[in-house]
Every structure is written in C-alpha cells, then in structure tokens.
Amino acid sequence: MSIREAEDGKVLLKCWTGCGAAEIVNSLGLSLADLFPGDRRHLADHGTGPLRRPFDYRDALAGVAHEATVALLIVEAARTGRPLSDEDVQRLRQAEERIDAALRAAGGAR
C-alpha cells in the first residue's frame, strides 16, 4: 500500500492488491471525506457543523464487483472439482466482509 499527501492536503491511497479507497478508510475507522480535508465546508453560522463530501457509490460498487469476481473464481474452481483450501475459504470470508463493509458504507444495514 502507498499513502502520500498531495500538495493541496488530500491524502492519496493506492493498494497494490486491489483494495478500494472506501475499503481502506473503513478499515481504519475513517471515511472518504477524511482524505479531503480542504473540501469540507463548515456551516458554524447555521449550527449544523461540517458538511462531508457525498458518498461515492462508484467506489463501493467497484469494490463489490472485485470481491464478487474473487468469489466467482473460487466457486468455479470448486465446481470443477478442485478442493477448497483453507486459504480459499478465508478469502471467501474476506470477500463477504468487504461486501458487507461496502453496504454499511453506503448507508445500508445488514
């Protein structure tokens, strides 16, 4: 994983194994808005507090699509007779957890 701060204060993330930005920040207990400190607007005059950037559903959908592909590849291998290894089972569990995290990040409940 690479993390760096851009000149404008934005935090840039790159996971070399394919994790999406939403997944990374969720695992750290942050939100995507935390990567863009300069984009927050404060409405202290109105008593509503800071506004966060809208949730980017594309990030969540891209993560879900990736995890679904991983699950499909493992299931297809098992369907053709290859026994599932402990690593395969763990990766399927991880895919489920990541899909669930994307649902929670999008405001859904499970």
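**Three helices, four strands: a walk through the model**

Let me start at the end of a helix. Right after H2 comes Gly-81, and its phi is positive, near 105 degrees. H3 has a similar story: Gly-107 follows that helix, with a positive phi near 95 degrees. Keep in mind that this is a predicted model.

Now the overall layout. The protein has three helices and four strands. Reading from the N terminus, the order is β-β-α-β-β-α-α. There are 110 residues, and 22% of them count as buried. The accessible surface is about 7,900 Å². Carbon and sulfur atoms hold 56% of that surface. What about contacts between distant parts of the chain? Take the contacts with a separation of 6 or more: 33% of them link residues 24 or more positions apart.

Next, the helices. H2 covers residues 57–79. That makes 23 residues. From first C-alpha to last, H2 reaches 32 Å, close to the expected 33 Å. Which of its residues are buried? They are Ala-60, Glu-67, Val-70, Ile-74 and Ala-77. Those buried residues pack against H1 and H3.

H3 runs from residue 86 to residue 105. It has 20 residues and spans 28 Å between its end C-alpha atoms, close to the 28 Å expected. Its buried set is Asp-88, Arg-91, Ala-95, Arg-98, Asp-100, Ala-101 and Ala-102. What covers them? The cover includes helix H1, residues 21–27, and helix H2.

Let me stop at one of those residues, Arg-98. It sits in helix H3. Why does Arg-98 count as buried? Because its relative accessibility is 18%, and the cut-off for buried is under 20%. Who are its neighbours? Leaving out residues up to four places away in sequence, Arg-98 touches Cys-19, Glu-23, Glu-67 and Arg-91. With Glu-23 there is also a polar contact, side chain to side chain, at 2.3 Å.

So much for the H3 side; let us look from the partner's side. Glu-23 belongs to helix H1. At 21% relative accessibility, Glu-23 counts as partly exposed. With the same sequence neighbours left out, Glu-23 touches Glu-67 and Arg-98. Remember that Glu-67 is one of the buried residues of H2. Glu-23 also lies 8.0 Å from Ala-60, C-alpha to C-alpha. Along the sequence, Glu-23 and Ala-60 are 37 residues apart.

Stay in H1 for another residue. Asn-26 is found there too. Buried or exposed? Neither: Asn-26 is partly exposed, with a relative accessible area of 32%. Not counting residues up to four places away in sequence, Asn-26 touches Ala-101 and Ala-105. Ala-101 is among the buried residues of H3. Then there is Arg-104. Its C-alpha is 9.6 Å from that of Asn-26, with the two positions 78 residues apart in chain separation.

On to the nonpolar side. In soluble globular proteins, nonpolar side chains tend to be buried together. Which residues make the largest nonpolar core here? There are five: Ala-22, Val-25, Leu-32, Leu-35 and Phe-36. Pick Leu-35 out of that group. Beyond residues up to four places away in sequence, Leu-35 touches Gly-9, Lys-10, Val-11, Leu-13 and Val-25. Val-25 is itself a member of the core.

Last topic: cysteines. How many disulfides does the whole structure hold? The search finds zero. Cys-15 is in no disulfide, and the nearest cysteine sulfur, that of Cys-19, is 3.3 Å away. A disulfide needs the sulfur atoms within 2.5 Å, so a pair at that distance does not count. Cys-19 is likewise in no disulfide, and its nearest cysteine sulfur is that of Cys-15. Are these cysteines buried or exposed? Cys-15 counts as buried, at 12% relative accessibility. Cys-19 counts as buried as well, at 17%. And Cys-19 brings us back to Arg-98, which touches it.

To recap the picture: H2's buried residues pack against H1 and H3. Arg-98 and Glu-23 are joined by a 2.3 Å side-chain contact. And no disulfide turns up anywhere in the structure.

Note on methods
Residues are numbered from 1 along each chain as its sequence is written. This is a predicted model: local features need pLDDT of at least 70, side-chain atom pairs count only at pLDDT 80 or more; totals for chains, interfaces and linings use all residues. Side-chain values use heavy atoms; hydrogens and water are left out. Buried means under 20% relative accessible area, exposed over 50%, partly exposed in between (1.4 Å probe, protein chains only). A nonpolar core is a set of buried Ala, Val, Leu, Ile, Met, Phe, Trp, Tyr and Cys residues joined through side-chain atoms within 4.5 Å. Contact means heavy atoms within 4.5 Å. Helices (H or I, at least four residues) and strands (E, at least two) are DSSP runs, numbered from the N terminus. The expected span of a helix is 1.5 Å times one less than its number of residues. Accessible areas come from the Shrake-Rupley method with a 1.4 Å probe; for residues, only the protein chains shown count as cover. A polar contact is a pair of N or O atoms within 3.5 Å; within protein, one must be able to donate a hydrogen and the other to accept it, and residues adjacent in sequence count only if both atoms are side-chain atoms.
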